[in-house]
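Q: Please show me how to read the surroundings of a ligand and the nonpolar interior of a protein model.

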Amino acid sequence: MKNILFIAPPAGGKGTQSGLLVENFGYIHISTGDLLRDIDESSPLGKKIREIQVSGKLVDDETVFELLEEKLQSIKGKPFLLDGCARTVRQAELLEQVLYKLDMQLDLVIELDVPYDILLKRATGRISCPKCKAIFNKYFKPPHEEGVCDHCHEALVSRNDDNEETFKTRYETYLENATPLIEYYKNLGKLVKIDGINNTYEMISEKIQND
Ligand code: AMP
């Protein structure tokens with residue numbers, strides 16, 4: 001099965017599409033945002049990471065790659081999908097090095113295309129389950145019971161970087177870095193661009209199976 005990397009703006013649907021691919025194809029989902037969020041906030045490193053995440057800026061490459069390499073090492077041999085890394089050309093180069101070292105490879109890079117106004121609503125309406133990680137949206141995909149997970153009945157939470165102000169910084173950071181990153185993967189012949197609103201999952205699964 002193809003190993004995948006997603007490039008998408010914040011709230012572009014990486015998490016949702018990853019969930020579907022995990023369920024239907026058995027992929028291992030690796031989200032650097034989640035790996036960073038999982039670091040205990042009471043530690044000095046966790047506190048520093050949380051401050052950067054809340055600001056909408058990027059965490060340093062060294063921290064991200066330490067976590068990522070450890071995770072990749074632990075799933076060696078299984079198909080993976082990367083969500084949230086690489087975010088810059090420098091990270092794409094570091095990723096190549098890490099994958100080479102672990103005798104792994106990246107086969108397909110999927111760019112999800114979503115307009116700004118939809119992204120903003122997706123981000124500010126996003127609520128997720130802290131237990132099973134299911135994602136809902138107040139506007140587009142509300143849970144059956146307000147504020148409660150459909151699957152495990154936990155209280156749903158909003159991410160602290162999903163407010164409008166942080167979203168704008170995250171979006172600007174994305175725009176600044178994504179253009180050269182997309183070019184980088186285009187030159188390697190690995191990039192496909194997919195509409196992030198209509199039939200997204202169908203198009204992704206076709207690309208995974210048919211190319
Ligand atoms: P995400 O969950 O992918 O939206 O990421 C949330 C936040 O985590 C980002 O705004 C960054 O602060 C941080 N982050 C996630 N992945 C990376 C990465 N590859 N490099 C640097 N920072 C990251």
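Q: Which residues come nearest to the ligand?
A: A residue is near a molecule if one of its heavy atoms lies within 4 Å of it. Here 17 residues surround the ligand, and T32, K57, G84, R87 and Q91 come nearest. This is a predicted model, in which local features need pLDDT of at least 70 and side-chain atom pairs pLDDT 80 or more, while totals for chains, interfaces and linings use all residues. Residues are numbered from 1 along each chain as its sequence is written, and side-chain values use heavy atoms, without hydrogens and water.

Q: Which side-chain atom of T32 lies 2.8 Å from the ligand, polar or nonpolar?
A: A polar contact is a pair of N or O atoms within 3.5 Å. A polar side-chain atom of T32 lies 2.8 Å from a ligand nitrogen, and a backbone N or O atom of V59 is 3.1 Å from a nitrogen atom of the ligand.

Q: Which residues of the largest nonpolar core touch the most other members?
A: A nonpolar core is a set of buried (under 20% relative accessible area, 1.4 Å probe, protein chains only) Ala, Val, Leu, Ile, Met, Phe, Trp, Tyr and Cys residues joined through side-chain atoms within 4.5 Å. Of the 35 residues in this core, I7, L72, F80, L95 and Y185 touch the most other members. Helix α7 gives the most to the core, six residues; helices are DSSP runs (H or I, at least four residues) numbered from the N terminus.

Q: What does L72 touch?
A: Contact means heavy atoms within 4.5 Å. Leaving out residues up to four places away in sequence, L72 touches I30, F80, V98, L99, L102 and M104.

Technical notes
Polar contact = N/O pair within 3.5 Å; in protein donor to acceptor, adjacent residues only side chain to side chain. Buried < 20%, exposed > 50% of the residue type's maximum accessible area, 1.4 Å probe, protein only. Helix = DSSP H or I, 4+ residues; strand = E, 2+ residues; numbered from the N terminus.
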